[in-house]
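Open the model in your viewer and switch to the cartoon display. We will take a short walk through it, one selection at a time.

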Amino acid sequence: LAVLCFVVDCKFSAGPLMGNEQSGYAPDQPVDVVLSINDVRNVNLAPHETFYCVTACDHFARACAAKGRPVKFATTVRSYISLEVFGANRAEIDAAADLGQLQGRPLGTLTIPVHRLVETCGITIYYTWFLLEQSRAPPIGDTIERFDSAITGAPRQVFAPKVSLSLCPASEYDAQLVYQPEATNEQKVARYAALLLSHNQHLHLASELYKRSLAAANAAFLEQKVAKKKEKIALLKQSNEAQGAEIENLQKIVAELQNRHRTQYDSQSERYQTVQGRLEETINKLSRENHELKSRGLTDTANFEQTDRMIQKLNQDLRSVTEEANARIDKANESIKMLKGQVKQRDTEAQMIAAERDNLRHQLTQAQNALAQNSGNTGTKDMEISKLQNEVQILQEQKAALVKIVEDLYAQLDSAGVTVGNAQQAQLGSITGGGGSLGPANLNMLPSPRSLGAGRR
């Protein structure tokens, strides 16, 4: 965590650290160098494939290198080293005596302006990443800008094609690591800039790994959120379908009740009309008979009373039948109104559920869009994260070696009390950012070993 926090605050630059005049070589003086290709990334190598490179430098002969098979060739400070990386069958590369005869698959190119390399980190490169270009021959006019972009962009563009290279003068190469603890002070000073550049690149790679890890965690959170939204939408769909079925059932019941009520109403109305017609006929008949009796002069009180009672009873029966019919009709109307109210309430609930479902679908679309922006090739990213975590482990070991080198440099200069010459002062000054004498004040311009080791603690 301390290393990652330090990475966030530091600024990466491939600015000048050593001028041409500090390289120790004349501009046109041929210099034998040894180039090692350490690794390539993000070039879609098959499991049975590995990589190799072919270098060309001005009028010098072409040379080929593979992992574990460094190549020696000549160059000058004014030269441009063109490097082409190829992929081929692992068995073919292991068996080939001359890698230049292989017909490999092109993976990318890189052009190194040697004078810019000298300005950046001297004539030495130590496990430094460069972005690969897909064009076979980039224009010479903007080679310096492309070279700077290849260095600065390699740790930031985690999933871009890139190559890791090491380069040193042939006089310092003995088939072992160039950075040995028993190196002299002059060698440690000369190699310091290249080691610091490699260290700085790996710090930014760790920073990008940390950012990608946060993005992956955010993508997982979005996936969980989308899954929950989908579950909620599925439940709402089921509820909506159930309520739709219930509403349809209620509508069928209402229609059936309306048909039944209409049938009963029609039959009862017809029956009541028939009964009412008979009663009216009876009343009219009795009224006529009563009128006839009165016209004949018959004043039998008993007959008149009996007839009146019969008429009253018939009128009362008529009123009872009418009231009963009206009561049943009112009751049926109330049942219809109640069922219509229930149907209307169910329709309102269905509309609310549909609105909520549309809202959740909109939220699901937004979550899926956010997930698409934060996701990519998950399998490739997992492999890259695993590789970058391995690089973080290598970084910590290299950092310890760097701290040991600086501590030895301080201890030996302090204990010996040696007055350093002007050339050595200029070299140290170019690395620390200034010139002048190597007194205590100027020695403090070098980074403190304790501050370099703070991230490790």
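Two strands count as paired if DSSP finds at least two bridges between them. Keep that in mind as you go, and remember that this is a predicted model.

**Stop 1: strands 7 and 8.** Select strand 7 (125–131) and then strand 8 (residues 162–169). These two strands pair in the antiparallel sense over five bridges. To see one position up close, show Thr-128, which stands opposite Leu-165 in strand 8. A general point helps here: strands of a sheet pair through backbone hydrogen bonds, either parallel or antiparallel.

**Stop 2: the sheet around them.** Now widen the selection to an open sheet of four strands, in the order 4-1-8-7 with antiparallel pairing. Which strands sit at the edges? They are strand 4 (71–75) and strand 7, each pairing on one side only. Look along the sheet and compare the strand directions: neighbours are turned by 35° against each other on average, direction ignored.

**Stop 3: strand 2 and its partners.** Move on to strand 2 (residues 49–57). Is this strand mostly covered or mostly open? Mostly covered: eight of its nine residues are buried. Next, add strand 5 (residues 80–89). Nine bridges join strand 2 to strand 5, and the two run antiparallel. Pick out Thr-50 to find one of these contacts, since its bridge partner in strand 5 is Ala-88.

Then add strand 3 (residues 63–66), which pairs with strand 2 in the antiparallel sense over four bridges. Here, select Cys-53 and look across to Ala-65, its bridge partner in strand 3. Follow the chain through the hairpin of strand 2 and strand 3, where five residues lie between the strands. In this hairpin, stop at Asp-58, which takes a positive phi near 50°.

**Stop 4: an aromatic pair.** How many aromatic pairs does the structure hold? There are three. For one of them, show the side chains of Tyr-52 and Phe-86, which form a stacked pair, 5.5 Å centre to centre with 25° between the planes. Tyr-52 lies in strand 2 and Phe-86 in strand 5, so the pair ties together parts that are 34 residues apart in sequence.

Are these two residues buried or exposed? Residues under 20% relative accessible area count as buried. Tyr-52 is buried at 1%, and Phe-86 is buried as well, at 11%.

Notes. Residues are numbered from 1 along each chain as its sequence is written. This is a predicted model: local features need pLDDT of at least 70, side-chain atom pairs count only at pLDDT 80 or more; totals for chains, interfaces and linings use all residues. Side-chain values use heavy atoms; hydrogens and water are left out. Rings of Phe, Tyr and Trp (its six-membered ring) pair if their centres lie within 6.5 Å; planes under 30 degrees apart count as stacked, over 60 as edge-to-face and the rest as tilted. Buried means under 20% relative accessible area, exposed over 50%, partly exposed in between (1.4 Å probe, protein chains only). Axes are lines fitted to C-alpha atoms, for helices over the stretch in contact, and angles run from 0 to 180 degrees between N-to-C directions.
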